Amino acid sequence: MNAVDYILEGLEAELALERELGVRMVECDRALLAPLPAAEAPSVLRSPVAPLEESRPKAERAAMAQTGQGKAFDFVFLHDRPLAEAEREMMAKIAIALGKSPEEAPVLHEEPLPKAKAYIVLGRLALDKWFPSVSGAPGDWVATPVSPNVLITYSPGYILRFSTVTDAVKKIKRDMWTSIKSVLNRVRMS
């Protein structure tokens, strides 16, 4: 299986899930998709986050991410450590799929905790770091002294460690995505 087929299978699976959940009614017709000839392809393919991040000095980006510049967010992601590049890309794609830029839905690994309508805790270690007295499993919504809207889900590192995509891995990814999408309903109700 080449990379394009792998990507298309993932896209088709995601569209099928979204159709099943009633989120989107879109079909993917592989016959209409063809790679661009090398002469027409963009010379540099970049993550959608790269220009936003690179436009600011590193210290400024870190300060903005950590403090949120005092503004309230609809939701933020909480992690136990700085993300690796692949994890950052994954979380940027998730934020964009939820209709937010990575700056509007930051992944934080250090205090202070900004004001947010909902917090998405990425993994057991993050849960222990941010809310040590709380327990729960991925997909659980829990109430904390900080907020009644805290979602526990998988760490992006856990998801990315699987090199082979089995049915079990697909289920974990689907469960993570389904639980993260539920944040939008919580935010609307808050």
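**Strand S5 and helix H7 around Ser 179**

In this predicted model, Val 142 has Val 150 as its bridge partner in S5. That bridge belongs to the pairing of strand S4 (residues 141-142) with S5, which runs in the antiparallel sense over two bridges. Val 150 turns up again in the pairing with strand S3: Tyr 119 also has Val 150 as its bridge partner in S5. Here the sense is parallel, and S3 (residues 116-122) and S5 share four bridges.

So much for the edges of S5; now its faces. In a regular strand, side chains alternate between the two faces of the sheet. Strand S5 covers residues 150-153, and both of its faces are covered. Val 150 and Ile 152 are buried on one side, while Leu 151 and Thr 153 are buried on the other.

The Leu 151 and Thr 153 side brings in Ser 179. Setting aside neighbours within four places in sequence, Ser 179 is in contact with Leu 151 and Thr 153, plus Gly 139. Ser 179 sits in helix H7, which takes in residues 167-189. With a relative accessible area of 8%, Ser 179 counts as buried, because the cut-off is under 20%.

Ser 179 has plenty of company in H7: the buried residues of this helix also include Val 169, Ile 172, Met 176, Trp 177, Ile 180, Lys 181, Val 183 and Val 187. As for the geometry of H7, its 23 residues at 1.5 Å a residue should span 33 Å, and the end C-alpha atoms are 34 Å apart, so the two values agree.

Note on methods. Residues are numbered from 1 along each chain as its sequence is written. This is a predicted model: local features need pLDDT of at least 70, side-chain atom pairs count only at pLDDT 80 or more; totals for chains, interfaces and linings use all residues. Side-chain values use heavy atoms; hydrogens and water are left out. Buried means under 20% relative accessible area, exposed over 50%, partly exposed in between (1.4 Å probe, protein chains only). Contact means heavy atoms within 4.5 Å. Two strands pair if DSSP finds at least two bridges between them. The expected span of a helix is 1.5 Å times one less than its number of residues.
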